[in-house]
Amino acid sequence: MGRVADVELRNVSKVFDNAVVAVDGVSLEIEPGEFFSLLGPSGCGKTTTLRMIAGFEMPTSGEIYIEGRPMGETPPFRRNVNTVFQNYALFPHMTVADNVAFGLRMKRVPRDEITRRVREALQLVRLVGFEDRYPRQLSGGQQQRVALARALINRPRVLLLDEPLGALDLKLRKEMQLELKHLQMTVGITFIYVTHDQEEALTMSDRIAVMNAGRVLQVGTPLEIYERPSNRFVADFIGESNFLDGRVVELNGQRATVLVDDRLPVPARVQDGLAVGEQVTIAIRPEKIRLHPTGGEGAEGCVPGRVEEVVYIGTDTYYLVRLTDCCTIRVRVQNSQNRLDSGEMVGEGTEVLLSWLPETAMVLKA
Amino acid sequence: MALAEGVETQPQPPASLAARLTDWARRRTGIKLSLVLGPGAFWLLVFFLIPLGVVLAYSFASRGAYGQVIWRLTLENYTRFFDWLYIRVFLVSVWIALLTTVICLVIGYPFAFVMARVPRRWRNALLVLVMVPFWTNFLVRTYAIMLLLRNEGLINSALRWLGVIEQPITMLFTTFAVVLGLVYGYLPFMILPLYASIEKFDFTLVEAAQDLGASTWQVFTRVLLPLTMPGVVAGSILVFIPSVGAFVTPDLLGGGKVVMIGNLIQQQFLTVRHWPFGSAVSFVLMAVVLVSTMAYFRVGGERRV
Ligand SMILES: Nc1ncnc2c1ncn2[C@@H]1O[C@H](COP(=O)(O)OP(=O)(O)OP(=O)(O)O)[C@@H](O)[C@H]1O
Ligand SMILES: [Mg+2]
C-alpha cells in the first residue's frame, strides 16, 4: 500500500533517568524526499526526538522505523541516516577535505573514489578551494557547509539537522535557509529539520510538526499550520494571534457569531460540530483585520473600538485597539495602505471600526 | 579612574605609601612583570642555574687521590662513560623508564577517561583516590611494596596458602619490582594531565564520528587520541624524566641487582667520591633527556590540535 515512509515514529516516548519526560507518545510519518521540520519552544523535546532517530538515545517505549525496518537498539553507524549537529562538531584536527572524507574512509571506500566524491561534495556546498583549511580558519557559515558536505557525502537516506543555522547572524541565516532548501531539492534526500524559529520552519518545510512539552500538537503544511491551527498553542506559537473568548450565539451558513464578554458580537468561521451556546476561543491574525473610520457605512459585522496605541515598525504599523473593558486586539496594517479612507493616519484615541472575513477568524474549542 | 595614561585631572589625595607604591607599580608594566616573575627567576638562578654551572665545571675536572676535586681540565670523564659497563646501565635506565611510561599510559588513560566521564560528584572522589598516595612519604610507600614483594611477603604467603605455588616467586630485587615501584610512584603524574585534556575534549565529536560510521576503536584512534595528544605528551614526559633518573626506587626495590643511572651518579658522589665523573654522567643524562623530550614534543606537536 503506497510508499513506505522513510522514517516512522510509533508512539515513541523518552523518559530520562531524572524522570524528565522529554518526549511523550510521539507518532510521525515522514515521506521520502520530504523537508520535514520539528518546531517548538526550547526544551520541548525536538533534539531528543532527533537523537532517537539518529540512534544516540534509545526510546523508553514505542518504536522507530527507518525505511520500514524497526530500529530497536541499532547503533548510529548502522542506520542509514546522518546528522548535522547544532555546533557542527567538525573535527578540529582535520582539514576540510579530511573532515568531509571521514565517513567514506570509515567505510573503506577506494581512495580515488573518495577524492572524487569529496570534490563533488565541496562543489555542492560551494567550498572548492577550502580543502586544506582547518575548521578554526573558517567562518561560521563555511563551517556549516563543511558539516553539510560531511554528512551528504555518505548519501544517507535521511539527513537530520539540529538547528543548523542557530549560530549564524540573521542575514547569513536567511541566505542559508534558501540555500539549504535548494540543496535539499537538488539531492532529493529527506531532511528532518529541528528549529525553534517559526519563520524558518514556514519558509523551508514541506510539512511541519509543532511540538510542545514532549508532544506533537499538529502536523501539516506551512499553510495548514498557519491558516488552520488546531489549538491555541499552535495559533499562538506560529505567527501572532489575537484571542477572544466567548460563546456561540448564532450559526448562519458560513458565518458564526460569537458573543465576546457577553456584549460584543463578532463574526467567525463555521466549523464542524460547532453548536450554539458553546464556549469557544476565537483566534484572529493581526494582519487579517481591517481598520475603518467610524460614521461611514457602518457595515454589518463591523466591530467598534478605540485606538489606544500606535507602534510603527517600518514596513507595518501595529494598532492596539480596545474593544470592551477587558478586551484589546492587535491590528497590523501594511504601511503601503496605511491610511483611512479620508487619507489620514489613525492616531491614538481615534474611534474606529474593525472588520474581518468570517473565515479568517478561527474557532478553537475550549 | 584616569581616562588615559598621564591624564590626571586632579592630584590624588595622598594615600598611604604602600597604596601609592602599588598604584605606581601597576602602571609600569615592566615593574609589574618583574614583580611577577622576579621571585621565580631568582629561585631558578640561585638554586638551579648556579649549581648547574658548578656541576658542569666539575665534569671537566679531575679526581685527587683522596677524592678531592683537582682543577686539571680534561675530557676524560666523558670518554670514560663510553664503556660498555656504563652504556649498559644507561640503556637499562632508558628501558625501565620507557616501560614505566608505557605502563602508566596504558593504565592511566582508561582511568583518566572514566574520571572525566563520570558524574561530577564521583569525579572528586576519584581525584582524591589518585592523590591519596601523596599523603604518605615516598620511602614509606616503597618499603610497603618491599613488604608485599618479599619471598615471605604478603603476595607469596597468600599464593602459598592458596596452594597456587610451592616455592616463593622471586619478585623483590628484579626489574619487575623496580618498574612496579616506579609505576606506582609516578602514575598520578600521568593521570592528571590526561584527565585535564580528556575533560576538555568535546564529546559531541564522538557522536559525530559514530554518526559517520566509525567503530569504537576508530573513534578512539581517529578522534579521541589525536585530540588528547597534549595530555599524552605531558603525562609521558612527567613520568619518563623522573623515572630515567630515579635512584631511591631501584636502590630499594632493585637491591643493587638492578642498577640505574641514578644509582651510578649517587655512587660516584657518595661512595666512590669521584665527583667529576659523577658530574659528567649527570650531564650526559641531562643532555639525553633534553634531546629525547624535544624530539617527543616535536612528534606530538606535529599532530595539530
Ligand atoms: N541527557 C539528558 N538527561 C536528562 N534530561 C535531559 C537530557 N537531555 C534532555 N533532557 C531534558 O529533556 C527535555 C527536552 O530536551 P531537548 O534537548 O530535546 O529540547 P529541545 O526541544 O531540543 O530544546 P532546545 O530548543 O532548547 O534545544 C528538557 O527538559 C531537557 O532538560
Ligand atoms: Mg535542542
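**Reading a ligand shell and a buried asparagine**

In this predicted model, helix α1 (residues 46-54) of chain A supplies the largest share of the shell around ligand 1, 3 residues.

Me: Which residues surround ligand 1?

Reply: A shell is read as a list of residues around the molecule. Here the list is F16(A), N18(A), V20(A), A22(A), S42(A), G43(A), C44(A), G45(A), K46(A), T47(A), T48(A) and E163(A). By class, 4 are nonpolar, 6 polar and 2 charged.

Me: Where do polar atoms of G43(A), G45(A) and T48(A) lie relative to oxygen atoms of ligand 1?

Reply: Check backbone and side chain separately. On the backbone side, a polar atom of G43(A) is 2.7 Å from a ligand 1 oxygen, and an N or O atom of G45(A) is 3.0 Å from a ligand 1 oxygen. From the side chain of T48(A), an N or O atom is 2.5 Å from an oxygen of ligand 1. Of the 640 Å² of accessible area that ligand 1 has on its own, the protein covers 63%.

Me: Now N154(A): is that residue buried or exposed?

Reply: Compare the relative accessible area with the cut-off. N154(A) is buried because its value is 10%, and buried means under 20%. The residue sits in the loop between α4 (140-152) and β7 (158-162) of chain A.

Me: What is N154(A) in contact with, leaving aside its neighbours within four places in sequence?

Reply: The contacts are N82(A), G103(A), L104(A), K107(A), R117(A) and, from chain B, L212(B). With K107(A), the side chain of N154(A) makes a polar contact of 3.1 Å.

Me: Which backbone oxygen lies 2.9 Å from a polar atom of the N154(A) side chain?

Reply: That of R150(A).

Definitions and conventions: Residues numbered from 1 in each chain as written. Chains lettered and ligands numbered in written order. Predicted model: local features only at pLDDT ≥ 70, side-chain atom pairs only at ≥ 80, totals over all residues. Heavy atoms only, no water. Helix = DSSP H or I, 4+ residues; strand = E, 2+ residues; numbered from the N terminus. Buried < 20%, exposed > 50% of the residue type's maximum accessible area, 1.4 Å probe, protein only. Contact = heavy atoms within 4.5 Å. Polar contact = N/O pair within 3.5 Å; in protein donor to acceptor, adjacent residues only side chain to side chain. Near = heavy atom within 4 Å. Areas by Shrake-Rupley, 256 points an atom, 1.4 Å probe, with all protein chains shown as cover. Nonpolar A, V, L, I, M, F, W, Y, C, P; charged D, E, K, R; others polar.
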